[in-house]
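Reader: Hello! I have a model open on my bench computer and would love a close, guided look at one part of it. Could you walk me through it?

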Amino acid sequence: MTEMRLPPQPGEIIDRNAPLSFTWNGKPLTGYEGDTIVSAMAASGVKVFSRSLKYHRKRGILTANYLDPNTILQVNDEPNVRAGHRRLEAGMNVSSQNTWPSLEFDIKSANQAVGRFLAPGFYYKTFISPRPLWPAYQRVLRRFSHGGRIDDRVSDDHYDKRYAHPDVVVAGAGPAGMAAAIAAAEAGANVILVEEEYAIGGHLRYGSADDLAALAELSARVQANTNIELLTNSVVGARYDGNWIMINQRDPGHVRERLIKARAKTLVVAAGTIERPYVFEGNDLPGVMVSGAVRRLVNLYAVKPGERAVVFTANTEGESAAADLAGAGVEVAEIVDARAGGDLVRAKGRTKLSTVEVGGRSIDADLLVTSVGWTTPTSLLNMAGSRPVYSEGAARFLPGDLPDEVLVTGGMVGDGTTEQLVAHGSAIGANAAARAMKIRARWQRLTPSALPPETADTAEGSVPDLKPEAHMELYRASTHGFVDYSEDIKSKDLISAANEGYDLMELNKRYTTVTMGPMQGKLEVGNAVAIHAEATGRSIADTGTTTWRPPYAPTSLGALSGAEMNPVRYSPMHRWHVAKGATALVAGMWIRPEHYGDPAGEVRNVRNNVGIIDVSPLGKLDLRGEGVPKLLNFVYTNKWSRLPVGSVRYGVMCAEDGVVMDDGVVGHLGEDRYLMTTTSGGAGGVWNWIDDWLQTAHPEWDVTMTAVTDGFASINIAGPKSRELLSRLTEVDLDKETFGYMKVREGAVAGIEDCVIWRIGFTGELSYEVHVKAGYALHLWEALMEAGQDLGVAPFGVEAQRIMRLEKGHFIVGQDTDGLTKGFSLGIDWAIKLDKDDFAGKPELEWQLADGARSRIVALQPVDPTVVPKEASQITEGTEIVGRITSSRMSPTLNKSICLGVVADHLKDPGTIVDVRLTDGEIIKATVMEHHAHFDPQGERLRG
Amino acid sequence: MLLIECPHCGPRNSSEFSYSGPIKPRPSIEGLAPEDRAEWRRYLYEEDNHAGFATERWFHVSGCRKFLNIERHSVTNEITSVLTVGEVS
């Protein structure tokens, strides 16, 4: 390979004092700090960078920037790196993708010879039958697909997320974007200026001495302005409703990518233009480049792109590229000017460019530069609802109507000198700031604040004209060539697809996959639309452009996911549980003790002595006011009008569709004062649901609700010795006659005032649930453990509680019920009172009763008491599924397998034997029990 | 992401709110007969999916916890009015 590095160039951004070593397909190469991977390789004489998707044709540099479809490479363990953009780093292992066994000798390049059979739809049409062979085809074809190797080990990389609240976001830091940012910032706006390249300046960076001087001046003003936050190597990926802007900040330091979600008051789009390749035979040969590639290689990286060049141009950019080449010592064999009737027919060469055919003549050349026009990247404008409008005279799409909070400047609007672009950008930036200030003032007015509202000048100024230059419509030569380099789609393919009936652009796109590859149309869409228009005999304006969708540039899944930020909740006793070796259980957002080593032993201790469990996650709502009984009557299915002070009642809530939603108990603590508990998982939902009824349906009810789930911790003291234990810590009278089952008292426990104590029996034992101010809960817990030593007190976890409630036959909403469980399926018909006035779910419950609920929760015991069917095992009748096991455990108290399950209505009668299908397919028999409770069905223990 | 101008909290992201669709009055259940099931179930399950302005119920669940009536265009997302339930403009 020949050294192609030029002597120092005026605008070069490489540091010749900082050489960097790297490898290319195993071979050692050297570049400089500031090089892209591609420029360093090109400087070392590399011409071929990849093989194409379908035909495996050799491909070289086309654009030498982020949008180069031919220089997507594997770097270390990272596939699909845009090597025309990515900065070179020391020690990079760079390799080609989609080549086997090597870039030079690629077996799949045989596809070229059969290329005419590889028309769009070829794979679908050829391999879809015979159907049974498709998996085999698929395995082979997959090796033919694009893309590098991913490392399937867990990555150590970190990704981050950030929220920003700028006044103005400017997308693109070319001359107009920089000017817009400066003008907006000088008007007092907070600006985020986002540039896709590593450095700001846009096309000025590889321009003339005057351009470089203008860049230095603008860049200094941007850097000096503290109102501007400059993000380079970053991209505005999307614009959503309300100017919600996604910015992907690549490699910001410490993390690999950071996704910024910015609520911009205004957005200025200054994305410039993208140079279009030209469609002709041989347009993908290594050595064929767009003018921008040449200008970047020569001026930024001091790389000589070839030895002998032909330049085909329809504009001044082509002339500038030719001048750059001449200055770099490249022999410019001919400048073919399309405006003067010059005609580029085809390029030839076996593996790279050797001759160019123009107007009947052949010219030897290893470099062919085309400059045939521009595409406007209207992506962000489309996302704001704007439809681009085609200008025949300028041969490109231009922005359509825009909402007030989105503005556009620079090359997307028109062409001009640096001064004209800066003047336009400044005016747009100032107006963007004025509009942002107006919105800022409005938001300040709307936000309760003690600060006086700011005053700002919101008058908008006039914007100077910026018109697109006239440009000839130049899309395809008389020959056919590639339109989509990444997908290997030729102009011929688009025409034949249109002829096959895919005569709308969007259909043609989906059939041929043109514009659907890695470049997502940024490079190809102009040519694709023009050729589709040609094939269908319509104008480009009528054909319209394809839809640009977010994100504008590839975004990693890591960036979208961002940092892990899932909050969890701990009870005040959490550290005690951890210290005692509890196994943690994740229950919704709560971390709870599942057990302390021996759940069966914990059960036995509760049944024989006394245990304490932390039930702090219980949802708790403080309800006050005269209207509370009305509310309770409405949200629960049973009656609440005559619940005396000092009593507790159990209730079930059904949604309006008659489906069980939650259950819990409510204690009447004092005059117009109640405490409601909900299931742990239902706490938030019930709170919201009750708020809905109170605010929207019954504002006339006098009810004040406060959520106190976190304010109170809850401890359940359960077991025959629980009364003895609690009596040692409280003056509250625990006499079994006066403080009976389902009663509530308030008082001091362990010196803590205002505890709520109620007697309920989820475990089936005599038990007291104490709700204590959360800050004192650990003290109470430790006091109970201390005071009950001689009684054998021990903590028990969620698992022991689940076993005991199953022994007792208490269902858990969400475990034994699901989103289809009807009120009358619970098997507790006594808790549904249809003779009440209106209540939630009443009509459906009435119809359920009339029709029958179709299924029932029942207790079941396997005939073989040693078999515990897994939860969710099916209950079957022949080939029909007629129910399922919802809870099952080996009972340490009864020493046999016990279950709750749901069965079809005709199987609900006690004594019925049902078939339970185990997970291994074996069918076992189980008996439907008379009571839900397997243990102490009369409830003597909990009433004791 | 929509920006909703909460009358109590100021402009906030729509992710702070929960949404329950265009407001439908709950039919009176006074004397609701079996033959009224169809009407009740229309209320429960059927949505107009109207393209255009509708008054919707939003709940500022991660904010002031007020239920709001919001006039929103379902195609353009334009919001023309945000009122607390029970208030009139």
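Reader: Let me start from one residue: is A:R884 buried, partly exposed or exposed? From there, please take me to the helix α22 of chain A and what lies around it.

Author: Happy to, with the reminder that this is a predicted model. A:R884 has a relative accessible area of 27%, and because buried means under 20% and exposed over 50%, A:R884 is partly exposed.

The side chain of A:R884 meets that of A:D818 in a salt bridge, with N to O at 3.1 Å. This pair links distant parts of the chain: A:R884 is in strand β45 (residues 880-891) of chain A, while A:D818 is in the loop between α21 (798-807) and α22 of chain A, 66 residues apart. A:D818 is partly exposed too, with a relative accessible area of 33%.

That loop leads us to your helix. α22 covers residues 842-851 of chain A, and its buried residues are A:K842, A:P843, A:E844, A:L845, A:W847 and A:Q848. What do they pack against? Their partners are β34 (648-654) of chain A together with α1 (37-45) of chain B, so the packing of this helix involves both chains. Just after α22(A), A:G852 takes a positive phi of about 85°.

A:D851, in helix α22 of chain A, also reaches across: its salt bridge with B:R37 has the closest N and O atoms 2.9 Å apart. This pair crosses between chains, since B:R37 is in helix α1 of chain B. A:D851 counts as partly exposed, at 43% relative accessibility.

Now let us step back to the whole contact between the chains. Chain A brings 28 residues to it and chain B brings 30 residues. About 2,500 Å² is buried between chain A and chain B, and carbon and sulfur atoms give 51% of that area. Your helix has a share in this: A:W847, along with A:E656 and A:Q695, supplies 25% of the area that chain A buries against chain B, more than any other three residues.

As for charges, the rule finds 6 salt bridges across the interface of chain A and chain B. Besides A:D851 with B:R37, there is one between the side chains of A:R442 and B:E5, at 2.4 Å from N to O. Across this interface there are also 14 residue pairs in polar contact. On the side of chain A that touches chain B, α9 (418-446), α18 (683-697) and α22 each supply at least two residues. α18(A) gives the most, with 7 residues. By kind, the residues on that side divide into 12 nonpolar, 5 polar and 11 charged.

The partner is worth a look as well. Chain B contains 1 helix and 6 strands, and along its sequence the pattern reads β-β-β-α-β-β-β. Its C-alpha atoms fill a box of roughly 45 × 25 × 25 Å along the principal axes. Of the 89 residues in chain B, 40% are buried. Among its contacts with a separation of 6 or more, 41% are between residues 24 or more positions apart.

To place these charged pairs in a wider setting, a search of the whole structure finds 58 salt bridges over all chains. One of them joins A:R57 and A:D284, whose closest N and O atoms are 2.7 Å apart. That pair also links distant parts of the chain: A:R57 is in the loop between β3 (50-51) and β4 (58-59), A:D284 is in the loop between β16 (274-275) and β17 (288-290), and they are 227 residues apart. A:D284 is buried, with a relative accessible area of 3%.

Finally, a word on the nonpolar interior. In soluble globular proteins, nonpolar side chains tend to be buried together. Here the largest nonpolar core has 78 residues, and A:I37, A:M41, A:I61 and A:V94 have the most contacts inside it. Leaving out residues up to four places away in sequence, A:M41 touches A:F22, A:W24, A:L29, A:V46, A:F49, A:L73 and A:V94. A second, separate core of 32 residues includes A:I717, A:V772, A:L780 and A:L791.

Key:
Residues numbered from 1 in each chain as written. Chains lettered and ligands numbered in written order. Predicted model: local features only at pLDDT ≥ 70, side-chain atom pairs only at ≥ 80, totals over all residues. Heavy atoms only, no water. Buried < 20%, exposed > 50% of the residue type's maximum accessible area, 1.4 Å probe, protein only. Helix = DSSP H or I, 4+ residues; strand = E, 2+ residues; numbered from the N terminus. Contact = heavy atoms within 4.5 Å. Buried area = accessible area lost by both parts, 1.4 Å probe. Salt bridge = Lys/Arg side-chain N within 4 Å of Asp/Glu carboxyl O. Polar contact = N/O pair within 3.5 Å; in protein donor to acceptor, adjacent residues only side chain to side chain. Nonpolar A, V, L, I, M, F, W, Y, C, P; charged D, E, K, R; others polar. Core = buried A, V, L, I, M, F, W, Y, C linked by side-chain atoms within 4.5 Å.
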